[in-house]
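Student: I'd like a close look at one part of this protein rather than a quick tour of everything. Can you pick one strand and walk me through what surrounds it?

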Amino acid sequence: MQTLNLEQLKAATLAGGVTGITLRGDGAAFVVQVHTQRGEAIMVTSRQQPRRFADPRKALHVLRGTGWQEFRIDTVQWRPEELALEKRARPDRSTALKAAHEAAQLDADYDRWFRAKVQASIDGLKDGTNRILTPQEVDARRQALRAKLNDLQLARAA
């Protein structure tokens, strides 16, 4: 049986090579069976595995994007009760989602810390515990930092 990925299906549709599409039940999911002028084909993923849709609405949405408005739906082999049996663990997605969650938590922690520091500075200016530096004090600090940086660069070069 022939296989078509989404881009090939779009191209074949535009070229007039597709005569019909059937969403065929296959266990707890649906696969896209494509009727072409050269015979039957099945829609596949980038890994050349049959593209399975647990939700037929998602399949209809994807197929509508290829230019098709009418589809045949074959539910003879559709077994929605098997969905729990077909669920596969995705440790790669689990790891990625955990990493993303941890990164988001670190961002949130940093944001809280930063906002607290800024608020403390503002509050200190209001109550007088912090003071505004004079331009001369700012220049002196800047010069001291530049001198320290120059010394570090000279030490690395030596």
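Tutor: Here is a walk along strand 2 and the parts that meet it. Keep in mind that this is a predicted model.

Strand 2 covers residues 18–26, and it has pairing partners to go through one by one. With strand 3 it runs antiparallel, and 8 bridges join the two. One of the pairs there is glycine 20 with histidine 35 of strand 3. The two strands make a hairpin with 2 residues between them, and in that turn glycine 27 has a positive phi of about 70°.

Strand 6 is another partner: it pairs with strand 2 in the parallel sense, over 3 bridges. Here threonine 22 stands opposite arginine 72. Strand 6 takes in residues 72–74, so aspartate 74 belongs to it as well. Aspartate 74 touches Thr22, Leu23, Arg24 and Gly25, plus Phe30. What about its charge? Aspartate 74 is buried but has no salt bridge, and the nearest side chain of opposite charge, arginine 72, is 4.4 Å away. The cut-off for a salt bridge is 4 Å, so that distance doesn't qualify.

Now for the nonpolar side of things. The largest nonpolar core has 16 residues, and Val18 and Ile21 are among those with the most contacts inside it, along with Leu9, Val32, Val34, Met43 and Leu63. Strand 2 supplies at least two residues of this core, as do helix 1, strand 3, strand 4 and helix 2. In general, nonpolar side chains tend to be buried together in soluble globular proteins. Take valine 18 as a close-up: leaving out residues up to four places away in sequence, it touches Leu9, Ala12, Thr13, Val34, His35, Thr36 and Trp68.

Finally, look at aspartate 26. Its salt bridge is with arginine 52, and the closest N and O atoms are 2.7 Å apart. Aspartate 26 lies in strand 2 and arginine 52 in strand 5, so this pair ties together parts that are 26 residues apart in sequence. Which side of the buried/exposed scale are they on? Aspartate 26 is partly exposed, at a relative accessible area of 32%, and arginine 52 is partly exposed too, at 31%. A search of the whole structure finds 7 salt bridges, and the one between aspartate 26 and arginine 52 is among them.

So, to put strand 2 together: it pairs antiparallel with strand 3, pairs parallel with strand 6, feeds residues into the largest nonpolar core, and holds the aspartate that bridges to strand 5.

Methods:
Residues are numbered from 1 along each chain as its sequence is written. This is a predicted model: local features need pLDDT of at least 70, side-chain atom pairs count only at pLDDT 80 or more; totals for chains, interfaces and linings use all residues. Side-chain values use heavy atoms; hydrogens and water are left out. Helices (H or I, at least four residues) and strands (E, at least two) are DSSP runs, numbered from the N terminus. Buried means under 20% relative accessible area, exposed over 50%, partly exposed in between (1.4 Å probe, protein chains only). Lys and Arg count as positive and Asp and Glu as negative; His and the chain ends are not counted. Contact means heavy atoms within 4.5 Å. A nonpolar core is a set of buried Ala, Val, Leu, Ile, Met, Phe, Trp, Tyr and Cys residues joined through side-chain atoms within 4.5 Å. Two strands pair if DSSP finds at least two bridges between them.
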